[in-house]
Amino acid sequence: MKLKQRVVLLAILLVIFIFTKVFLIDNLDTSAANREDQRAFQRMLSGLRVALDPRLEHTLQSPWEIAAQWVVPREVYPEDTPELGAVMHAMTTKKIIKADVGYKGTQLKALLILEGGQKVVFKPKRYARDYIVEGEPYAGYDRHNAEVAAFHLDRILGFRRAPLVVGRFVNLRTEIKPVATEQLLGTFMTVGNNTCFYGKCYYCRETEPACADGDIMEGSVTLWLPDVWPLQKHRHPWGRTYREGKLARWEYDESYCDAVKKTSPYDSGPRLLDIIDTAIFDYLIGNADRHHYESFQDDEGASMLILLDNAKSFGNPALDERSILAPLYQCCIIRVSTWNRLNYLKNGVLKSALKTAMSHDPIAPVLSDPHLDALDQRLLSILATVKQCTDQFGPDVVLVEDRMTLSHL
């Protein structure tokens, strides 16, 4: 063989070797990441049942100290949380030492201080489980059970961006009124044989109080995030105008996502993918009311989008508000890990997992069966939306590898 032919053959072999090596490494990396996603899913399933147990083993810390140490820029709580049941037990049983009107907002809530100094937000029951909220997808009062269900869905999706929530029954006469501030106490009334209050908020009215069953009121308590992690509020780029006849730009501009990608903090970092994760989360729970969102302050776009205030959810199981998915179908990108998790939850697994996760809550059953069935149907719509994107642009464009290292120091 002539020298020139040998050189050409060696060059071809070298190209084939390099291509094969790169291809194998890429596929090994991808399959390794997929295997880790599968293992994480199995770990989640094995830890679904959270028994509310007061015991805290191998530590002298209070449940509040433990929960505060869980918080990092990309998680509210870690994947492995053997103390979760003890923290939630404390949330639902610790003595209330102070009660006040809720922080500013549109919906009725109360701010409670529990023994040990921990703040929680109490949202009262306003509807029966089978009540259908008619009208706009953001209509109606807050739903306390929606907060509980949304927290457990956050666990199942592997996001871990929602503050801890658990159901709680409180005696308004013996637990709240004796420790209530004058501002809150002034909103109490008796309707028939029931103790009621209407609080202070934008839509709070004396004519629309929340009423207990006698003195016992069902509600949810949400754990306040540690003060060392102050929050920063952002306008959601896919927020609604809430004005009849006036559309937001994303509702008529097909190239809207391209404009979003050019603005901070969506031009770099994880925030846009967080927005899309949140759109998927909100579509599953039927929440069309995320006009703003919170992250940690001074994060320069690096911290997570925190899944706060999920109570405008699970209002109508027959309504699938597709516009909630606009960030997904307009941007046509999704995290590989999110895509994998959604696929693992097909064929009724999502409904079964959420039902299991909520089974130990004090206010169980948290959701009616129609709402659980709706979750599985909405999941199919999400998967179909991603398939449309991959058919149009290809999986290499749509499926984005973004696995950020999380540290708990």
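Below, a visitor and a guide talk through the labels used for this predicted model.

Visitor: Why is Cys332 called buried?

Guide: Its relative accessibility is 6%. Buried means under 20%, so Cys332 counts as buried. Cys332 sits in the loop between helix H9 (326–331) and strand E11 (334–335).

Visitor: What is the phi of Cys332?

Guide: Phi of Cys332 is positive, about 55 degrees, although the residue is not a glycine. Most residues other than glycine have a negative phi.

Visitor: What makes Asn347 exposed?

Guide: Asn347 has a relative accessible area of 79%. Exposed means over 50%, so Asn347 is exposed. Phi of Asn347 is also positive, near 60 degrees. Asn347 is in the loop between helix H10 (336–344) and H11.

Visitor: Why is H4 called oblique to H11?

Guide: Helix H4 (residues 144–157) and H11 pack at an angle of about 120 degrees, and their axes are 9 Å apart. Roughly perpendicular covers 65 to 115 degrees, and roughly antiparallel means over 145. The angle fits neither class, so H4 is oblique to H11. The crossing is right-handed.

Visitor: Which residues of H4 and H11 make the contact?

Guide: H4 brings Ala149, His152, Leu153, Arg155 and Ile156. H11 brings Leu350, Ala353, Leu354 and Ala357. These residues divide into 7 nonpolar, 1 polar and 1 charged.

Visitor: How do you know that Leu223 is buried?

Guide: Leu223 has a relative accessible area of 8%. The cut-off for buried is under 20%, so Leu223 is buried. Leu223 lies in strand E8 (residues 216–223). Residues touched by Leu223 include Trp64, Val87, Met91 and Pro163. The unreviewed UniProt entry lists Leu223 under "binding site".

Visitor: Why is Asp309 called partly exposed?

Guide: Asp309 has a relative accessible area of 41%. Buried needs under 20% and exposed needs over 50%, so Asp309 is partly exposed. Asp309 is in the loop between strand E10 (292–296) and H9. Asp309 touches Tyr103, Lys123, Glu147, Asn287 and Arg290, leaving aside residues up to four places away in sequence. The UniProt "binding site" annotation covers Asp309 and also Lys123.

Visitor: Where are the cis peptide bonds before Pro265 and Pro365?

Guide: One joins Ser264 and Pro265, with omega about 5 degrees. Pro265 is in the loop between helix H7 (256–260) and helix H8 (271–285). Another runs from Ala364 to Pro365, with omega near 0 degrees. Pro365 is in the loop between helix H11 (349–357) and helix H12 (369–393). Most peptide bonds are trans.

Definitions and conventions:
Residues are numbered from 1 along each chain as its sequence is written. This is a predicted model: local features need pLDDT of at least 70, side-chain atom pairs count only at pLDDT 80 or more; totals for chains, interfaces and linings use all residues. Side-chain values use heavy atoms; hydrogens and water are left out. Helices (H or I, at least four residues) and strands (E, at least two) are DSSP runs, numbered from the N terminus. Buried means under 20% relative accessible area, exposed over 50%, partly exposed in between (1.4 Å probe, protein chains only). Axes are lines fitted to C-alpha atoms, for helices over the stretch in contact, and angles run from 0 to 180 degrees between N-to-C directions. Angles under 35 degrees count as roughly parallel, over 145 as roughly antiparallel, 65 to 115 as roughly perpendicular and the rest as oblique. A crossing is left-handed if the near helix is turned anticlockwise from the far one by less than a right angle, and right-handed if clockwise. Contact means heavy atoms within 4.5 Å. Ala, Val, Leu, Ile, Met, Phe, Trp, Tyr, Cys and Pro count as nonpolar, Asp, Glu, Lys and Arg as charged, and the others, Gly among them, as polar. UniProt positions are given in the numbering used here, feature names are shortened, and annotations may be inferred rather than shown by experiment.
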